[in-house]
Number of protein chains: 6
Amino acid sequence: MHGRILIINPNSSQACTAGIREAVAPFAGPGLPRIEVTQLDEGPPAIVTWRDWFGVAEPLCRRIEAEPAEAYVIGCVSDPGLEAARGVTGKPVVGMFRSAVAAALTRAERFGIIGFTEKSLPRQRRALQSMGVEGNMAGWIPLNLPMHVLTDPIAPQARIAQAARQLADQGAEVIVLGCAGMAGHVGVTMEASGLPVVEPCQAGAAAALLAVVGARMPALLSA
Amino acid sequence: MHGRILIINPNSSQACTAGIREAVAPFAGPGLPRIEVTQLDEGPPAIVTWRDWFGVAEPLCRRIEAEPAEAYVIGCVSDPGLEAARGVTGKPVVGMFRSAVAAALTRAERFGIIGFTEKSLPRQRRALQSMGVEGNMAGWIPLNLPMHVLTDPIAPQARIAQAARQLADQGAEVIVLGCAGMAGHVGVTMEASGLPVVEPCQAGAAAALLAVVGARMPALLSA
Amino acid sequence: MHGRILIINPNSSQACTAGIREAVAPFAGPGLPRIEVTQLDEGPPAIVTWRDWFGVAEPLCRRIEAEPAEAYVIGCVSDPGLEAARGVTGKPVVGMFRSAVAAALTRAERFGIIGFTEKSLPRQRRALQSMGVEGNMAGWIPLNLPMHVLTDPIAPQARIAQAARQLADQGAEVIVLGCAGMAGHVGVTMEASGLPVVEPCQAGAAAALLAVVGARMPALLSA
Amino acid sequence: MHGRILIINPNSSQACTAGIREAVAPFAGPGLPRIEVTQLDEGPPAIVTWRDWFGVAEPLCRRIEAEPAEAYVIGCVSDPGLEAARGVTGKPVVGMFRSAVAAALTRAERFGIIGFTEKSLPRQRRALQSMGVEGNMAGWIPLNLPMHVLTDPIAPQARIAQAARQLADQGAEVIVLGCAGMAGHVGVTMEASGLPVVEPCQAGAAAALLAVVGARMPALLSA
Amino acid sequence: MHGRILIINPNSSQACTAGIREAVAPFAGPGLPRIEVTQLDEGPPAIVTWRDWFGVAEPLCRRIEAEPAEAYVIGCVSDPGLEAARGVTGKPVVGMFRSAVAAALTRAERFGIIGFTEKSLPRQRRALQSMGVEGNMAGWIPLNLPMHVLTDPIAPQARIAQAARQLADQGAEVIVLGCAGMAGHVGVTMEASGLPVVEPCQAGAAAALLAVVGARMPALLSA
Amino acid sequence: MHGRILIINPNSSQACTAGIREAVAPFAGPGLPRIEVTQLDEGPPAIVTWRDWFGVAEPLCRRIEAEPAEAYVIGCVSDPGLEAARGVTGKPVVGMFRSAVAAALTRAERFGIIGFTEKSLPRQRRALQSMGVEGNMAGWIPLNLPMHVLTDPIAPQARIAQAARQLADQGAEVIVLGCAGMAGHVGVTMEASGLPVVEPCQAGAAAALLAVVGARMPALLSA
């Protein structure tokens with residue numbers, strides 16, 4: 001029972017990678033695969049444009065080919081290269097965005113998303129379409145803050161609280177944080193909106209855990 | 001950090017409850033809430049009709065009011081009483097069916113469901129509609145076997161394998177087991193279809209774990 | 001040709017039952033089944049929560065089993081227990097909400113709904129999803145008035161008129177009154193909006209009449 | 001209380017007009033508007049092509065302008081000229097097709113349609129789209145029989161029974177007769193399928209009755 | 001290679017016909033069919049009501065029967081009589097509205113439409129439904145200007161610019177001009193919105209050209 | 001008026017590039033931009049996998065930055081890199097797949113697609129979702145032939161004819177050739193199915209022509 005789940009952050013930001021690591025730390029146990037987090041040093045500082053989004057697919061594939069694991073999580077909330085990654089390994093590959101939206105749908109019918117910048121919307125919309133759930137999105141509000149402001153523990157709180165309240169007013173019943181860099185702001189989002197909040201790093205980890213535990217199950221039962 | 005997740009099987013079958021307990025056992029760790037499984041002794045032997053489905057809502061509500069927990073899982077793959085249960089507690093409540101379908105959508109675009117009996121379809125369809133994902137279902141095939149055959153480790157395998165292959169032919173890219181009683185048949189389903197398989201007891205447990213860990217997060221970070 | 005249609009009000013309000021009776025009185029004729037209205041004395045004063053909604057299914061089923069009729073109408077504009085009721089009788093069972101929405105779609109493409117309280121929306125949305133028509137709803141505006149104000153002939157008129165005008169502005173081409181207690185306010189809704197208005201007690205009665213007359217038809221023709 | 005509902009058959013077939021009259025005869029009562037049936041003598045023998053469908057709109061408008069009524073029913077199960085007719089009168093105008101489909105949705109979630117000829121499908125599909133319910137259609141099966149065979153009391157029964165059974169197999173839970181000329185075949189359709197059946201002449205009449213009774217209501221209540 | 005494409009303006013306005021002719025003039029080449037523009041002298045001055053819309057179908061059919069061409073374009077941005085016209089010729093028939101919306105979808109995901117009057121919306125909505133793309137419309141804003149103001153080169157510019165900006169704010173990524181009379185205002189719409197603009201006369205011409213060139217292709221290749 | 005449209009074939013097959021060039025040759029005229037076709041020599045022999053699909057985005061962007069044009073067409077019927085390409089130029093960029101599907105919707109309501117291999121389906125489905133038209137696809141049938149067989153003028157005809165007939169049986173009213181390599185088979189597809197056929201190289205060219213002519217229009221009118 002010695003496998004691991006590998007979360008690959010496709011951007012080169014070590015701060016971002018550290019934040020992911022911290023967010024998923026609670027998901028550990030003797031019967032569970034351990035979760036490791038790495039990053040693409042050759043990736044862009046952040047996935048901002050469609051060109052960035054397309055561009056990280058190839059290095060993601062190479063990394064997966066080079067690093068064996070029981071499952072992989074693409075550590076960016078726009079799921080770049082997901083389909084390509086699935087083509088280079090027989091192991092489960094999940095994306096943080098789809099995982100977070102799926103988790104939201106276990107909690108309520110209508111979700112709202114707080115996005116990083118307005119440029120992320122078309123990519124997240126495409127993923128929502130592939131899941132069939134675009135019609136269940138009550139709202140999508142971008143923060144449009146620089147990454148260093150977003151990851152500050154205090155600075156973005158007023159803006160995030162405002163977005164959270166707005167989504168609640170628009171009918172959201174659960175809120176998805178639309179960027180891995182917002183993990184520190186779960187509390188302010190919950191308080192401001194009065195709604196459950198899904199943090200995508202944790203959602204990706206939970207989806208990968210489930211995939212691994214499920215795939216191990218037949219062996220366990222026959223043992 | 002001493003909370004628990006309570007899975008409530010709304011039927012009175014102890015065998016079913018035991019099967020759920022076994023399926024979710026791997027999800028344990030020092031930083032995770034423990035998972036406990038109980039049942040409604042006053043429930044029907046199985047949720048077969050709509051009348052059963054409506055009827056367990058009230059006892060589920062009373063049980064939740066009587067038994068504190070950090071989160072609840074409704075332990076039947078038609079999510080009976082889900083909305084009522086959410087009205088009697090401020091804690092997260094998830095259903096096994098929605099959790100399993102959501103998990104499937106983290107793995108692929110089109111899912112197939114192996115159902116218990118054809119009577120389950122309308123209830124599961126209603127839940128799919130509430131999630132918006134009815135259009136992503138590639139197929140739904142009922143087994144129409146008695147429960148004691150279904151839970152036998154060997155007897156239903158040929159029928160399950162056939163259903164799994166049929167769903168693959170219909171375009172399913174991932175298979176959801178549509179009944180808590182099929183937990184022992186993950187292996188045969190995977191082998192027959194060559195597809196990933198989602199077991200709903202585990203999916204419900206993972207969804208509840210994520211909800212609890214996420215809600216604890218602000219306290220952890222500020223500590 | 002001595003049958004009857006039984007409308008069962010699942011709440012215990014005699015005022016509400018009387019209002020239904022008055023609304024459906026015009027639907028009488030020598031070749032038509034007579035329409036009778038009764039209520040669940042054991043029901044809640046009103047169907048306000050999901051727990052109420054689930055809870056009346058079982059007494060509705062028992063009442064239907066005890067009282068023979070040619071067709072049944074569930075007399076609450078959230079169609080509680082509809083599927084369960086259909087399971088205990090071979091006779092037609094219709095709900096007032098689905099009947100009213102269906103009637104609206106015979107009059108125009110986009111409907112608006114004036115709801116009793118905002119708590120009714122999720123239940124009505126679920127029914128709309130089952131009909132496939134959620135996308136044709138131009139707006140849904142709750143009154144959030146106490147029942148005794150709502151049934152007053154004068155007091156709620158200004159609020160209702162405002163809601164009706166708002167729905168017209170949002171693109172509604174026909175308005176559905178979303179509660180059996182609003183039967184006295186058809187006029188103000190029509191005047192304020194300039195649109196056709198569907199009263200759900202009447203819509204349920206008409207749907208049941210059609211079901212009975214249709215089922216009698218073969219006998220008539222062969223006679 | 002001396003109004004009438006006028007059903008206008010847009011084709012010139014007197015047999016068809018007589019059939020409609022017979023089907024709607026039961027809907028009579030002292031408090032109800034009387035139902036009269038007429039036809040367009042200048043119409044085609046049947047509405048077979050799109051050109052026919054477009055072509056009857058203008059004479060329908062002229063007839064409505066010439067013949068006052070409390071409500072109008074367009075007496076063809078493809079609802080020709082419906083929107084134009086609504087533009088020339090302030091009174092309710094309903095179509096038999098939309099009325100029948102709406103009635104089906106009060107009875108079950110998935111409907112099947114037995115069509116006259118395969119040429120009717122695109123027109124009925126357009127109407128279903130306008131109602132938003134195309135996705136709830138389980139099947140559409142044309143008879144492709146000549147009108148004189150269709151209206152024979154015996155000749156088309158085997159073909160109709162076969163279509164009814166096929167629709168049930170495809171998942172239909174209620175069947176809509178897709179042509180006014182099939183009113184005599186409600187019985188065989190019910191028996192063959194074991195499902196409720198909606199006859200469109202009656203459905204149109206019931207929808208118009210509801211519209212008139214609802215519009216009269218404010219006057220009644222204030223009297 | 002001597003064929004022609006015939007654009008038939010179904011209204012009787014010679015100014016409108018001239019505008020169409022000017023808009024499509026650039027689409028000429030030695031290997032392309034020539035494009036000719038004509039009008040229905042018996043048509044209404046403009047297609048304003050549903051009655052107008054239905055009414056031009058028959059004269060359009062007669063004109064097509066009388067005037068041979070390799071393809072036809074219905075020269076009004078509500079595609080009147082399209083299905084009827086297709087029934088009287090084996091040659092391609094396209095409508096300007098569907099052509100313009102289709103062209104918009106080659107440029108971006110979400111389109112906005114500037115409509116002539118609010119009365120056009122229901123007809124354009126019906127066409128969008130038949131294409132399946134109603135959900136991709138970000139906004140629909142009518143000008144509600146008289147035709148002689150609309151076709152003035154200067155007078156309507158402020159109103160058009162305002163509508164264009166509003167559509168951009170509503171999320172439109174491309175703008176469709178919703179009336180053949182707006183061909184002179186492509187520039188102001190582009191400038192005001194910063195978005196690509198589709199002019200429907202040109203879109204109809206391009207769709208017809210493609211249809212003719214495609215149908216000729218096998219002959220070309222085998223020559 | 002000296003601009004050009006540049007079609008960039010993202011694979012390295014010169015045969016494929018030549019085929020595109022031949023298909024678009026008819027679209028030439030004195031008032032039209034000339035159409036040039038080039039290819040990515042660094043591209044894969046064909047776009048077969050998702051990894052190929054993601055991988056050509058970056059070289060496509062670089063090529064567009066290096067080669068000025070009035071508009072660009074991505075010359076592969078899965079529209080790889082489309083969104084990235086739009087981010088590196090202010091000029092119109094269209095994809096052959098979206099252009100072909102849009103063209104199909106100008107011809108009929110339901111389209112069928114003959115695909116290259118079954119691996120293309122998920123990519124084309126994603127594009128259909130972005131257009132909103134997935135529900136209008138009557139069928140999708142892959143040929144699963146090697147490229148050298150597909151481009152043979154004779155060898156694949158029987159298989160193509162069979163697919164075309166099957167799509168017609170499934171309700172397709174127009175057929176889209178799902179690969180640039182099938183341009184020589186328009187004739188057999190038309191004959192076998194009796195339906196209009198859209199060839200994607202031509203559809204992409206027509207969409208780009210329309211974009212350029214439309215954008216030039218204001219200058220023309222003010223001249």
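## Salt bridges between chains E and D

Six salt bridges turn up across the interface of chain E and chain D, a salt bridge being a side-chain nitrogen of Lys or Arg within 4 Å of a carboxyl oxygen of Asp or Glu. One of them pairs E:Arg51 with D:Glu58, with 3.0 Å between the closest N and O atoms. Before going on, a word on the basis: this is a predicted model, in which local features need pLDDT of at least 70 and side-chain atom pairs count only at pLDDT 80 or more, while totals for chains, interfaces and linings use all residues. Residues are numbered from 1 along each chain as its sequence is written, chains are lettered from A and ligands numbered from 1 in the order in which they are written, and side-chain values use heavy atoms, with hydrogens and water left out.

## The rest of the E and D interface

There are also six residue pairs in polar contact between chain E and chain D, both residues at pLDDT 80 or more. A polar contact is a pair of N or O atoms within 3.5 Å; within protein, one must be able to donate a hydrogen and the other to accept it, and residues adjacent in sequence count only if both atoms are side-chain atoms. Which elements of chain E give two or more residues to the side that touches chain D? They are helix 2 (50-55), helix 3 (57-66), helix 4 (82-87) and helix 6 (121-131); helices (H or I, at least four residues) and strands (E, at least two) are DSSP runs, numbered from the N terminus. Helix 3 of chain E brings the largest share, five residues. By type, this side of chain E splits into seven nonpolar, three polar and seven charged residues. Here Ala, Val, Leu, Ile, Met, Phe, Trp, Tyr, Cys and Pro count as nonpolar, Asp, Glu, Lys and Arg as charged, and the others, Gly among them, as polar.

Chain E and chain D each put 17 residues into the contact, where contact means heavy atoms within 4.5 Å. About 1,600 Å² is buried between the two chains, with 59% of it on carbon and sulfur atoms. Buried area is the accessible area (1.4 Å probe) that two parts lose on being put together, summed over both.

## Helix 3 in chains E and D

In helix 3 of chain E, the buried residues are E:Ala57, E:Pro59, E:Leu60, E:Cys61, E:Arg63 and E:Ile64. Buried means under 20% relative accessible area, exposed over 50% and partly exposed in between (1.4 Å probe, protein chains only). Their cover includes helix 2 (50-55) of chain D, along with strand 1 (4-9), strand 2, helix 2, strand 3 (71-74) and helix 4 of chain E.

Over in chain D, D:Ile64 belongs to helix 3 (residues 57-66). D:Ile64 is buried, at a relative accessible area of 4%. Setting aside neighbours within four places in sequence, D:Ile64 is in contact with D:Ile8, D:Tyr72, D:Ala85, D:Val88 and D:Thr89.

## The A and B pair

Chain B superposes on chain A by a rotation of 180° with 0.0 Å of shift along the axis (RMSD 0.0 Å). That is the relation of a two-fold axis. The same surface serves both copies, as 100% of the contact residues of chain B recur in chain A. Copies are superposed by least squares on the C-alpha atoms of residues with pLDDT of at least 70 in both. Within chain B, the C-alpha of B:Gly29 comes closest to the rotation axis, at 1.8 Å.

Chain A and chain B contribute 46 residues each to their contact. The area buried between them is about 3,500 Å², and carbon and sulfur atoms give 68% of that. B:Thr106, B:Arg107 and B:Leu210 lose the most area to chain A on the chain B side, together 18% of what that side buries. How many salt bridges cross between chain B and chain A? The rule finds zero, while eight residue pairs are in polar contact, both at pLDDT 80 or more. Helix 10 of chain B gives the most to the side that touches chain A, with 13 residues. That side divides into 29 nonpolar, 11 polar and six charged residues.

## Gly29 of chain E, and chains that do not meet

E:Gly29 sits in the loop between helix 1 (14-24) and strand 2 (34-39) of chain E. E:Gly29 is buried, with a relative accessible area of 18%. Not counting residues up to four places away in sequence, E:Gly29 touches F:Ala28, F:Gly29 and F:Pro30.

No contact joins chain B and chain E, and their closest C-alpha atoms lie 14 Å apart.
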